[in-house]
Amino acid sequence: MKIVYTGEKDKRQFKSVIGETMQAIMAQDPKAVWLDADLMGCSGTNGQFGKNPRYLNCGIAEANMIGIGCGMSAVGMKPYAHTFGPFASRRCYDQVFLSGGYAGNSITVIGTDPGVTAAFNGGTHMPFEDMALYRALPGATIVDVTDVPMLQNILWQAKDLPGVKYIRVPRKESRQVYADGSEFTVGKGCVVKEGTDAVIVACGIMVHEALQAAQKLEQEGIHAAVIDPITVKPLDAELIRTWAEKTGVVITAENHNKIGGLTSAVQDAICGMACKFGYVAVEDEFGEVGPQDYLQSRFGLTAEHIVEVVKATL
């Protein structure tokens, strides 16, 4: 894959890309089906309801939606199920766990507006725990989407990938990191930037912040590598261990609680290694209402905070 990062915003909104990509998937595969919990406008699929019978509005009944999706999987369909992140995780977790994972059914669950990207929807809609829940599900695949090309490719892959897949993705714009048409491999991370003094392992919206931090650090003579794990589960532990050994300093950056998410996964990967470790993540806290830039500052999810943590850890 080619890195095309400039730091500029991509004008394409994630929700529009979801809608467009799903139209292509549905046209190509008659077994694909879209389930929504009355949030079609938020997933960019509202124009298809009433036109294509494989787009189903399950209403504000997320647990039931998952049960429907898993039942469809049991008879050979390929279900995608969408709602906001907290409802795609903690509200319907028992159904995902039992009807999906335990029963061996394949379903792609899409949780939009994870973490601080929930913004004005506030603490009730701000999942800082969703990855932790899905990491506890045996055999699950978790993707914290970085940019539009990743979202497009992962949506296509998820159709035929067995098991429970959880895709956490904002609804608005992002910074493009990868070239259009890039392909990603589940369980294989990407070195977005080389470095010698530390490695920052970042996912989702924090990949941009990590790259900005790396640029700031270079101005002070500190050369930090940046890794995007692509999938938080399964995690590319070998890649992370290799760079931990190279640099001796590992920092994680995630739009999630430090408990159970990327930070915990990376700590598991480097356990027993002789390296220093730091993290940028939400502490043991609930979310709150506010614009995203305020919330990123409030919870320390910024390039400036990454710089501070790297320097302190060094």
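Which strand does T108 lie in? T108 is part of strand β5, which covers residues 107-112. The model described here is predicted.

T108 has a relative accessibility of 1% and therefore counts as buried, the cut-off for that class being under 20%. Leaving aside residues up to four places away in sequence, T108 touches P79, Y80, A81, A158, K165 and I167. A158, K165 and I167 also appear in the lining of the largest cavity.

**Cavities**

Searching the whole structure for cavities of 30 Å³ or more gives 2. The table sets out both.

| Cavity | Volume | Lining residues | Make-up of the lining |
|---|---|---|---|
| Largest | About 50 Å³ | T141, V143, I154, Q157, A158, L161, K165, I167, V186 and T231 | 6 nonpolar, 3 polar and 1 charged |
| Second largest | About 30 Å³ | P114, D144, V145, R168, P170, G204, I205 and N255 | 4 nonpolar, 2 polar and 2 charged |

Three elements each supply at least two residues of the lining of the largest cavity: β6 (141-144), α7 (148-158) and β7 (164-169). Of the elements, α7 gives the most, with 3 residues. K165 is one of the lining residues of this cavity, and the lining includes 1 charged residue; because Lys counts as charged, K165 is that residue.

For the second largest cavity, the lining has 2 charged residues. D144 and R168 are in that lining, and they are the charged pair because Asp and Arg count as charged. The lining also holds G204 and N255, which count as polar by the same scheme.

Note on methods
Residues numbered from 1 in each chain as written. Predicted model: local features only at pLDDT ≥ 70, side-chain atom pairs only at ≥ 80, totals over all residues. Heavy atoms only, no water. Helix = DSSP H or I, 4+ residues; strand = E, 2+ residues; numbered from the N terminus. Buried < 20%, exposed > 50% of the residue type's maximum accessible area, 1.4 Å probe, protein only. Contact = heavy atoms within 4.5 Å. 1 Å grid on protein atoms, 1.4 Å probe; cavity = no way out; pocket = protein on both sides within 12 Å on 5 of 7 lines; lining within 4 Å. Points joined across faces, edges and corners; volume = space filled by probe spheres on them.
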